[in-house]
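Thanks for making room for me this morning. I would like to walk you through one model, so please have the sequence and the structure open while I talk.

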Amino acid sequence: MNWDQIEGRWKEFQGKARESWGELTDDELDQIAGKKDRMIGKLQTKYGITKEEAEKRANDWAAKL
């Protein structure tokens with residue numbers, strides 16, 4: 001699924017994001033609002049990973065939806 005679709009249906013996908021990234025809080029998921037760049041930034045911060053790794057994980061997650 002592409003990120004435009006995810007952004008448009010974010011409320012629907014928040015639960016799946018919570019399952020995949022349990023360290024993200026509900027407030028952080030609300031802040032992400034389905035935007036890929038915000039997701040990548042939060043993943044970097046919470047998990048201490050590089051931007052490239054965060055982008056790979058976010059894209060892998062989106063592809064599974």
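The largest nonpolar core in this predicted model has 17 residues, and within that core the residues with the most contacts are Trp10, Met39, Leu43 and Trp61. Five helices each give two or more residues to this core, namely α1 (3-8), α2 (10-20), α3 (26-32), α4 (36-47) and α5 (51-64). Which helix gives the largest share? That is α5, from which 4 residues of the core come.

Let me stay with one of those core residues, methionine 39. If we leave out residues up to four places away in sequence, methionine 39 touches Trp3, Trp10, Ala17, Trp21, Leu24, Ile32, Ala58 and Trp61, and three of the tryptophans named there return in the next part, on aromatic pairs.

A search of the whole structure turns up 3 aromatic pairs, and I will describe two. In one of them, tryptophan 3 and tryptophan 61 have ring centres 6.0 Å apart and planes at 40° to each other, so the pair is classed as tilted, given that angles under 30 degrees would be stacked and those over 60 edge-to-face. This pair links distant parts of the chain, since tryptophan 3 sits in helix α1 and tryptophan 61 in helix α5, 58 residues apart. Tryptophan 3 has a relative accessible area of 12% and is therefore buried, and tryptophan 61, at 6% relative accessibility, also counts as buried.

The other pair joins tryptophan 21 to tryptophan 61, again tilted, with 5.3 Å from centre to centre and 55° between the planes. Here too distant parts of the chain are linked, as tryptophan 21 lies in the loop between α2 and α3 while tryptophan 61 belongs to helix α5, 40 residues apart. Both tryptophan 21 and tryptophan 61 are buried. Taken together, Trp3, Trp10, Trp21 and Trp61 form one aromatic cluster.

Now to arginine 38, which lies in helix α4. Is arginine 38 buried or exposed? Neither label fits, because its relative accessibility is 40% and arginine 38 therefore counts as partly exposed. Beyond its neighbours within four places in sequence, arginine 38 is in contact with Gln31, Ile32 and Ala33. Arginine 38 and glutamate 28, which are 10 residues apart in sequence, lie 9.4 Å apart in space, C-alpha to C-alpha.

Finally, the annotation. An unreviewed UniProt entry assigns residues 4-56 to "domain: CsbD-like". In the model, that span is 77% helix and 0% strand, and its end C-alpha atoms lie 17 Å apart.

Key:
Residues numbered from 1 in each chain as written. Predicted model: local features only at pLDDT ≥ 70, side-chain atom pairs only at ≥ 80, totals over all residues. Heavy atoms only, no water. UniProt positions renumbered as here; feature names shortened; annotations may be inferred. Core = buried A, V, L, I, M, F, W, Y, C linked by side-chain atoms within 4.5 Å. Buried < 20%, exposed > 50% of the residue type's maximum accessible area, 1.4 Å probe, protein only. Contact = heavy atoms within 4.5 Å. Phe/Tyr/Trp six-rings, centres within 6.5 Å; stacked < 30°, edge-to-face > 60°.
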